Amino acid sequence: MNNQTPLRENRVSRTAAMALMFLLAIYFLLPIYFLLVAATKPQGDLASTFGLAFSHFDLFKNLSTLFGRSDGIFARWALNSVIYAVLGAAVGTLISALCGYALAKFKFRGREFLFSVILGGVLVPTTALALPLFLLFSATGIVNTYLAVFLPSIVSPFGVYLARIFTAAAVPEEILESARLDGAGEFRTFFTVALRLMTPSLVTIFLFQFVGIWNNFFLPMVMLQKESLFPITLGLYEWNGQTARVSLLQESVITGALVSIVPVIIVFILLQRFWRTGLAAGSIK
Amino acid sequence: MTDIATRATRVVPATGGRRRQNGGGPRAGVIVAFVIPFFLPFVLFYLVPIAYAVWQSFLVVRRTGGQYGTSYTTFGGFEQYVQVFQNTEFWASIGRIGLFGIVQVPVMLFVALIMALLLDTPLLKLKSFFRIAAFMPYAVPGVIAAIMWSFLYSPQLSPVVDLLKAIGLQPDFLGPGAVLWSAANVSTWLWTGYNMLIMFSALQAIPQELYEAAKLDGASNWAIAWKIKVPIIAPSIILTTVFSIIGTLQLYAEPAVLRQISSNISSTFTPNMLAYAVASGNNYQQAAAISVVIAIITFVLSFGFMRLTSKRAGL
């Protein structure tokens, strides 16, 4: 091969690659940009002005309308989402870590069987669980309470899988041995030694579970009737269904959607490296 | 490492309590205490509902006598399943989701793979910008993504419709033929970046030396990508395919939101919407049978695909 061809090939492919990636970036960012612009507009301008250009800057008015609607129900939904997702992911991460640690570090009969049963759970479509769970919960009176959404959310088989492989990689046997020789019990060893070494991976597990709960829609929809218990997703869905009758709600749906995604996007960008470790681990499987 | 080791051991106070005899692992009680906080909720909220759904699906509700008789629940064998398979709405929803999956999953994964491969070459600048832009939709809940896109599909509000009209097109994103693909676009938008990052992470794990020889032989980036990189990350591609198949069969939120603005999406558009609609009509046994069938199809397709691809890779 002569020397000229690769160089020319390189310049052409460099330009083509950049152009393609820019097009795709526009595709991914367009809806978010549209939402940002639309959230600053008065309701009347939504249909009458071009969607990608700013008109009157009414963002703050829209925000106060949003948070003032139905006695501040939106703030309640936001709080509920935070409760379900933060608390659920925190408890979920802790129990996944305990179980994954035991699977990685203790030798016991039935260990591999237990692990395969849990791994099988990764493949179970969670929406298929929602309806039978509803029936079981209505028999016990948990339906239409915080617990109805919270309890199923803490279980993450994928979290146990991640905890097991992360523990195997991050917690050396010798450290555990020396802690044990110092007389520490298994729980003390776990909480004071292992957990510390596992912290970066725990962040990854927490993030995955947080997003899973934050984005969940089917489970709360099946379980909840009381508006005051809704997470944001369900609340905005209900509002969106009413815009045909109450067209003024449209601006609040738009502003509410923006308010609900911005904090998560910021957390995402700040915690990028934790995603990469988790996704890399997922692909080793 | 030793630094961490000494620091870690110093944290543990030497209590001088019971010492463990060398060799034996922790007592059974300790192991149970570690495992049970996860395993008990797993049994209660995963295994029990599955068993309950299977059990329900074998029951039927019958009536004694005529219109004024009382209803009672009894074992009905495969009766519910026969009804599922005779239900034309069920097959229509399976057909829609099948068409959706056959087109959307390969398109999405192909785009994800191209992006991952490009990010792994020295051809690009602004790599972290592209990576973040693609991954950002993963932070957006499906319902909210569908709401955002439904504004972009709406003939009254959409700047995209305005632009296409300006160049003489008459797009109808919510029409009977298009609405399935409008829903597919929402899924593609949501999940491409996530799948891309899984593939990209796998690419990053390949040692550079593997390409050195090929580069010295004058192989183009293109050839290296398709002949070396893609086969190595095949397990990740299989994984993303299986996750995508599972996701497609569960589809609910996106079409449910589009249904709010389009009359071309029925309440039984996807299998999951059908199951929910049937359950809303209080026919839980029929809904359970539909859920079980969906779960079985999901398992068969996921495992089938894994078997098929691993066999081919093995030969």
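Modeller: Before we start, helices here are DSSP runs of H or I with at least four residues, strands are runs of E with at least two, and both are numbered from the N terminus. This is a predicted model, in which local features need pLDDT of at least 70 and side-chain atom pairs count only at pLDDT 80 or more, while totals for chains, interfaces and linings use all residues. Residues are numbered from 1 along each chain as its sequence is written, and chains are lettered from A and ligands numbered from 1 in the order in which they are written.

Colleague: Okay, how much of residues 97–120 of chain B is helix?

Modeller: That span of chain B is 96% helix and 0% strand, with 33 Å between its end C-alpha atoms.

Colleague: And what about residues 173–191 of chain B?

Modeller: There the helix content is 68% and the strand content 0%, and the end C-alpha atoms lie 20 Å apart.

Colleague: Which annotation covers those spans in chain B?

Modeller: An unreviewed UniProt entry marks them as "transmembrane region", along with residues 28–55, 97–120, 132–153, 173–191, 232–253 and 287–306 as the full list for chain B. UniProt positions are given in the numbering used here, feature names are shortened, and annotations may be inferred rather than shown by experiment.

Colleague: Switching topic, how is chain B divided into domains?

Modeller: Chain B has domain 1 at 16–75 and domain 2 at 79–314, with bounds that come from an automatic or database domain assignment. The C-alpha centres of these two domains of chain B are 32 Å apart.

Colleague: How many residues does each domain of chain B give to the contact?

Modeller: Domain 1 of chain B gives seven residues and domain 2 of chain B gives eight, where two residues are in contact if their C-beta atoms, placed from the backbone, lie within 7 Å. On the domain 1 side, α2 (28–57) and β1 (59–63) of chain B each supply at least two residues, and the largest share, four residues, is from α2(B).

Colleague: What is the domain assignment of chain A?

Modeller: Chain A has domain 1 at 4–63 and domain 2 at 66–284, and 31 Å separate their centres, taken over C-alpha atoms. Their contact takes eight residues from domain 1 of chain A and nine from domain 2 of chain A. On the domain 1 side, α1 (4–39), α2 (43–48) and α3 (59–68) of chain A give two or more residues, and α1(A) has the largest share, four residues.
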